[in-house]
Amino acid sequence: MTPSAAPQPDALDPAVADRLTRDAHGLVAAVIQQHDTHEVLMVGWMDDEALRRTLTTGRVTFWSRSRQEYWRKGDTSGHGQYVKSVRIDCDGDALLVQVDQVGVACHTGARSCFDAGGLLDAVVGERPVVAEEAR
């Protein structure tokens with residue numbers, strides 16, 4: 001890589017940025033998952049800068065759509081998220097961030113944002129048995 005082509009330390013690597021499919025606000029969804037149990041903890045939003053910070057600091061940073069500012073999980077609550085891996089999906093419009101969660105992930109005080117009575121009534125589907133699977 002030539003010096004002029006080197007990524008700027010304060011910018012997301014162009015090779016990563018080129019893979020992202022952002023929404024109209026320049027954001028991608030980030031699903032946060034506990035690395036060892038695979039429990040889904042929360043969903044947040046990242047723009048290029050939030051992703052750069054996440055990839056380069058070892059701590060998860062989000063873009064707050066309501067406050068219009070960056071926030072690093074745990075800075076005010078003490079319930080930090082320490083990055084273990086970051087994956088991009090096939091379409092580039094979502095990230096899977098595996099973390100080591102300290103404390104709770106949800107602002108309500110629940111371990112996961114999907115804990116507190118969020119289960120919806122749904123018909124449970126049954127996968128059809130395929131002839132090869134029946135053997």
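## A salt bridge between two loops

Asp75 and Arg59 bring their side chains together in a salt bridge, with 3.4 Å from N to O. Asp75 sits in the loop between strand 4 (69–72) and strand 5, while Arg59 sits in the loop between helix 2 and strand 3 (61–64), so this pair ties together parts of the chain that are 16 residues apart in sequence. Keep in mind as you explore that this is a predicted model.

Are the two partners buried or exposed? Asp75 counts as partly exposed, because its relative accessibility is 47%. Arg59 is buried, because its relative accessible area is 12%, and the cut-off for buried is under 20%.

## More charged pairs

Side chains of opposite charge can pair when their charged atoms come close. How many salt bridges does the model hold? The count comes to 7 salt bridges.

One of them joins the side chains of Glu39 and Arg111, at 3.3 Å from N to O. This pair links distant parts of the chain, 72 residues apart: Glu39 is in the loop between strand 1 and strand 2, and Arg111 is in the loop between strand 6 and helix 3 (131–134). Glu39 is partly exposed, with a relative accessible area of 25%. Arg111 counts as partly exposed too, at 28% relative accessibility.

## A charged network in helix 2

Now look at helix 2 (residues 48–57), where Arg53 and Glu49 are 4 residues apart. What does that spacing mean along the helix? Arg53 and Glu49 are separated by about one helical turn, because they are 4 residues apart in helix 2. Their side chains meet in a salt bridge, with 2.8 Å from N to O.

Arg53 is partly exposed, with a relative accessible area of 29%. Glu49, at 19% relative accessibility, counts as buried, because the limit for that word is under 20%. The pair is also part of something wider: Glu49, Arg52 and Arg53 are linked in a network of salt bridges.

## The four-stranded sheet

Next, find the open sheet, which is formed by 4 strands in the order 2-1-6-5 with mixed pairing. Which strands are at the edges? They are strand 2 and strand 5 (81–88), each of which pairs on one side only. From one strand to the next, the twist averages 25°.

Let us follow two of the pairings. Strand 5 and strand 6 (residues 94–101) pair in the antiparallel sense over 7 bridges, and here Gln81 stands opposite Gln101 of strand 6. At the other edge, strand 1 (residues 28–34) and strand 2 (residues 40–46) run antiparallel and are joined by 6 bridges. One place to see this is Val31, whose bridge partner in strand 2 is Val43.

## The hairpin and a nonpolar patch

Strand 1 and strand 2 make a hairpin with 5 residues between the strands. In this hairpin, His38 takes a positive phi near 65°.

Val43, which lies in strand 2, is worth a second look. Its relative accessibility is 42%, so Val43 counts as partly exposed. Together with Val40 and Phe114, Val43 makes a nonpolar surface patch of about 260 Å².

## Two buried residues and their neighbours

Val28 is found in strand 1. It is buried, with a relative accessible area of 2%. What does Val28 touch, leaving aside residues up to four places away in sequence? Its contacts are Leu20, Thr21, Arg22, Gly44, Trp45, Met46, Gly92, Asp93 and Leu95. Take Asp93 as an example: Val28 and Asp93 are 65 residues apart along the chain, and their C-alpha atoms are separated by 5.3 Å.

Thr61 belongs to strand 3. With a relative accessible area of 4%, Thr61 is buried. Not counting residues up to four places away in sequence, Thr61 touches Met46, Ala50, Arg53, Thr54, Tyr70, Trp71 and Arg72. You have met Arg53 already, as a partner of Glu49 in a salt bridge. Met46 also links back, since Val28 touches Met46 and so does Thr61.

Conventions. Residues numbered from 1 in each chain as written. Predicted model: local features only at pLDDT ≥ 70, side-chain atom pairs only at ≥ 80, totals over all residues. Heavy atoms only, no water. Pairing = 2+ DSSP bridges. Patch = residues over 30% accessible without salt bridge, like charges linked within 9 Å, V, L, I, M, F, W, Y side chains within 5 Å. Areas by Shrake-Rupley, 256 points an atom, 1.4 Å probe, with all protein chains shown as cover. Salt bridge = Lys/Arg side-chain N within 4 Å of Asp/Glu carboxyl O. Buried < 20%, exposed > 50% of the residue type's maximum accessible area, 1.4 Å probe, protein only. Axes fitted to C-alpha atoms, helices over the stretch in contact; angles between N-to-C directions. Contact = heavy atoms within 4.5 Å.
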